[in-house]
Amino acid sequence: MALQGPIPVTFAMVFPHGCYIVGEVEPVKDFDASSNGRFVQARDKQTQELVWQVAVMDGDPTLKPAQKTVAVKILAPVQPVPPQPMPGLPFTPVEFDGMSVTPYVNGNGRLAYSIKVQQMHAPRQNAQPAPTTKTGKEAA
């Protein structure tokens with residue numbers, strides 16, 4: 001099979017309705033290297049970057065409550081800083097770049113996905129389409 005390792009995806013493919021931060025950015029523990037009360041932070045197997053995670057809520061209104069919150073792993077040399085909260089919103093909207101998913105079978109025997117990203121940032125404003133003329137071509 002041609003697919004090996006993490007599968008590259010876009011933010012819009014994973015979160016077409018957007019997503020919102022609902023937790024703190026925290027280091028991920030390397031359970032094999034940590035022992036006797038000594039914490040060792042996990043490193044990504046492919047890139048060797050430190051691994052952080054943040055809980056996000058998927059904005060998809062059709063999801064069941066138990067499916068709405070997922071952990072996103074961020075690969076970065078230093079702890080990523082979430083975007084600033086937006087006035088009037090109960091949760092902070094966020095977008096991710098450099099996304100990949102790795103499918104696996106969870107403890108309940110169900111298909112699940114590990115989501116890894118390279119960058120976290122505030123949502124970008126949608127670019128306005130170029131104005132068109134009466135012929136339907138872009139105006140110069």
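**Close-up views of the predicted model**

Phe 15 is buried, with a relative accessible area of 3%, and this residue serves as the starting point for the views described here, all of which are drawn from a predicted model.

**View 1. Phe 11, Phe 15 and Phe 96 are joined by ring pairs into a cluster.** A search of the whole structure finds two aromatic pairs. In one of them, the ring centres of Phe 11 and Phe 15 are 5.6 Å apart and the planes stand at 40°, so this pair is classed as tilted. In the other, the rings of Phe 11 and Phe 96 have centres separated by 6.4 Å and planes at 50°, so that pair is tilted as well. The pair of Phe 11 and Phe 96 links distant parts of the chain, since Phe 11 belongs to helix 1 (residues 11-14) and Phe 96 to strand 6 (residues 92-97), with these positions 85 residues apart in the numbering. Phe 11 has a relative accessibility of 13% and therefore counts as buried, the cut-off being under 20%, and Phe 96 is buried too.

**View 2. The largest nonpolar core of the model has 21 residues.** The residues with the most contacts inside this core are Phe 15, Val 54, Val 56, Val 72, Phe 96, Met 99 and Ile 115. Two or more core residues are given by each of helix 1, strand 2 (19-21), strand 4, strand 5 (69-75), strand 6, strand 7 (99-105) and strand 8 (111-117). Strand 4 supplies the largest share, which is three residues. Phe 15 and Phe 96, both members of the ring cluster, are thus also among the residues with the most contacts within the core.

**View 3. Val 56 touches residues from several parts of the sequence, among them Phe 15, Val 72 and Phe 96.** When residues up to four places away in sequence are left out, the partners of Val 56 also include Cys 19, Tyr 20, Ile 21 and Val 22, and, further along the chain, Lys 68, Thr 69, Val 70 and Val 94. Val 56 is itself one of the residues with the most contacts inside the largest nonpolar core.

**View 4. A salt bridge joins Lys 116 to Asp 44, with the closest N and O atoms 2.7 Å apart.** Lys 116 is in strand 8 while Asp 44 is in the loop between strand 3 and strand 4, so the pair ties together parts of the chain that are 72 residues apart in sequence. Both Lys 116 and Asp 44 are buried. The count for the model comes to two salt bridges.

**View 5. The side chains of Asp 97 and Arg 124 meet in a salt bridge, at 2.9 Å from N to O.** Asp 97 lies in strand 6 and Arg 124 in the segment after strand 9 (119-121), so this pair ties together parts that are 27 residues apart in sequence.

**View 6. Asp 60 is buried yet has no salt bridge.** The residue is placed in the loop between strand 4 (51-58) and helix 2 (65-68). The nearest side chain of opposite charge is that of Lys 68, at 6.1 Å, and because a salt bridge requires the nitrogen to lie within 4 Å of a carboxyl oxygen, the two are not counted as one. Apart from neighbours within four places in sequence, Asp 60 is in contact with His 17 and Lys 68.

**View 7. Asn 36 and Gln 48 both sit in the loop between strand 3 and strand 4.** Asn 36 has a positive phi of about 50° although the residue is not a glycine, and, with a relative accessible area of 83%, Asn 36 is exposed. Gln 48, likewise a residue other than glycine, has a positive phi near 65°, and its relative accessible area of 46% makes Gln 48 partly exposed.

**View 8. Gln 67 lies in helix 2.** With a relative accessible area of 44%, Gln 67 is partly exposed. The C-alpha atom of Gln 67 is separated by 8.8 Å from that of Met 57, a residue 10 places away along the chain.

**View 9. The whole chain, shown for orientation, has two helices and nine strands.** From the N terminus on, the elements run β-α-β-β-β-α-β-β-β-β-β. Of the 140 residues, 30% count as buried, and the accessible surface comes to about 10000 Å², of which 55% belongs to carbon and sulfur atoms. Among contacts between residues at least 6 apart in sequence, 59% join residues at least 24 apart.

Terms used:
Residues numbered from 1 in each chain as written. Predicted model: local features only at pLDDT ≥ 70, side-chain atom pairs only at ≥ 80, totals over all residues. Heavy atoms only, no water. Helix = DSSP H or I, 4+ residues; strand = E, 2+ residues; numbered from the N terminus. Buried < 20%, exposed > 50% of the residue type's maximum accessible area, 1.4 Å probe, protein only. Lys, Arg positive; Asp, Glu negative; His and termini not counted. Contact = heavy atoms within 4.5 Å. Phe/Tyr/Trp six-rings, centres within 6.5 Å; stacked < 30°, edge-to-face > 60°. Core = buried A, V, L, I, M, F, W, Y, C linked by side-chain atoms within 4.5 Å. Areas by Shrake-Rupley, 256 points an atom, 1.4 Å probe, with all protein chains shown as cover.
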